[in-house]
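Reader: I would like a close look at the interior of this model. Please describe what is buried there and what space is left between the parts, then set that against a few spots nearer the surface.

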Amino acid sequence: MKVIARLSLLSVLLSSTVPAVAADLRAAEQRIFGLTNQARKDAGVDPLTWNEQAAQAARVHATMMAEKQALSHQFPGEAVLRDRLGAAGLRFDAAAENVADAASADEAHNALMHSPPHRTNLLNPKYNRLGIGVAEKNGQLYVVEDFARSMPTQSAEQVEDEIISDFNRLRASHGLPRVETSKSEELRKLACNGKQGTVHARDVLAANPTATRVFAFTVTDPSKLPDSLLQASHDAARRMNIGACFAPSSSTSYAAFWVVLTIYR
């Protein structure tokens, strides 16, 4: 009975220690986050917003560094940063990572600030989101900072609406009439083929033989139309069909939509 009692006491002590360690690591993450935004404020740069998806990816990588007691941006068999962030569900079109080990959160931040490439990431105005992961091994903290430029979460239909609106606004600025526009399930299916690599104009034309012009492109910001479509806004056009599909991948960024558009005179 005494042995059982001691084992039970040990179990209670271990279970109470684990949450305390996790809380200390989360506190270290927030300390580094606060120091980062203070440094950006001092440099006249907009603050970063905490992103839990990026933090989840950073924590997994920080744990790997702690287990191996080594610093790396990618261990053998591990996905690259962009794929790790994409797998976490973050929508973004630019990313960077800082890694460090130190005895404290403040020491890690100071070391990164005094390293030119890491300082560049910390103060880069391009990024608007940050997730931090901290793990511990033998009293040493292993720190991962994952920066990203996060994009708004939009549906395919919202992207279609924005492109239609922008295209007709351009035509109005040229003194041309609006084009009638239809959202096409057929074109949406063709756009989704982009997830497998690309969308071929010949496939679009085969399904839409009366179209006078065909466009297939990716966008992360639908307000920024490709040059080919900007030029087409000057042309004679009577009708336009459009279909979009969210197609995140490392090749098209993790906030990209494939868009297929046909124009008829």
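Author: Among the contacts in the protein with a separation of 6 or more, 69% are between residues 24 or more positions apart. The model is a predicted one. It has 9 helices and 8 strands, and 44% of its 265 residues count as buried.

A useful place to begin is Thr36, in helix H1, which covers residues 2–42. Thr36 has a relative accessible area of 1% and is therefore buried. Setting aside residues up to four places away in sequence, Thr36 touches Leu48, His109, Leu122, Leu130 and Glu145. Two of these partners can be placed on strands: Leu130 falls within S3 (129–137) and Glu145 within S4 (140–150).

His109, another partner of Thr36, belongs to helix H4, residues 105–113. The buried residues of H4 are Ala105, Ala108, His109, Leu112 and Met113. Viewed down the axis of H4 they fall within an arc of 130 degrees, so they line one face of the helix. The spacing fits a general rule: an α-helix has 3.6 residues a turn, so residues three or four places apart point the same way.

Helix H7, residues 185–192, can be described in the same terms, with Leu187, Arg188, Leu190 and Ala191 buried. Their arc around the axis is only 160 degrees, which means that they sit on the same side of H7. At the start of H7 there is also a polar contact, in which a side-chain oxygen of Ser184 comes within 3.2 Å of the backbone nitrogen of Glu186.

Burial is not confined to helices. Ala237 is placed in the loop between helix H9 (227–232) and strand S7 (239–246). Its relative accessibility is 17%, and the cut-off for buried is under 20%, so Ala237 counts as buried. Apart from neighbours within four places in sequence, Ala237 is in contact with Arg171, Val179, Ile263, Tyr264 and Arg265. With Tyr264 the sequence separation is 27 residues, yet the two C-alpha atoms are 5.8 Å apart.

Two of those partners, Ile263 and Arg265, also take part in lining the largest cavity. The other lining residues are Thr212, Arg213, Ala232, Asp235 and Ala236. Ala232 falls within the range of H9. By class, the lining has 3 nonpolar, 1 polar and 3 charged residues. As for empty space, the count comes to 1 cavity of 30 Å³ or more, and the volume of the largest cavity is about 30 Å³.

For contrast, consider two loop residues that are not buried. Gln69 is in the loop between helix H2 (52–68) and helix H3 (81–87), and at 46% relative accessibility it counts as partly exposed. Although Gln69 is not a glycine, its phi is positive, about 50 degrees. Asn138 lies in the loop between strands S3 and S4, the strands that hold Leu130 and Glu145, partners of Thr36. At 65% relative accessibility Asn138 counts as exposed. Its phi is near 55 degrees, again a positive value in a residue other than glycine.

Methods
Residues numbered from 1 in each chain as written. Predicted model: local features only at pLDDT ≥ 70, side-chain atom pairs only at ≥ 80, totals over all residues. Heavy atoms only, no water. 1 Å grid on protein atoms, 1.4 Å probe; cavity = no way out; pocket = protein on both sides within 12 Å on 5 of 7 lines; lining within 4 Å. Points joined across faces, edges and corners; volume = space filled by probe spheres on them. Nonpolar A, V, L, I, M, F, W, Y, C, P; charged D, E, K, R; others polar. Buried < 20%, exposed > 50% of the residue type's maximum accessible area, 1.4 Å probe, protein only. Helix = DSSP H or I, 4+ residues; strand = E, 2+ residues; numbered from the N terminus. Arc of directions from axis to C-beta. Polar contact = N/O pair within 3.5 Å; in protein donor to acceptor, adjacent residues only side chain to side chain. Contact = heavy atoms within 4.5 Å.
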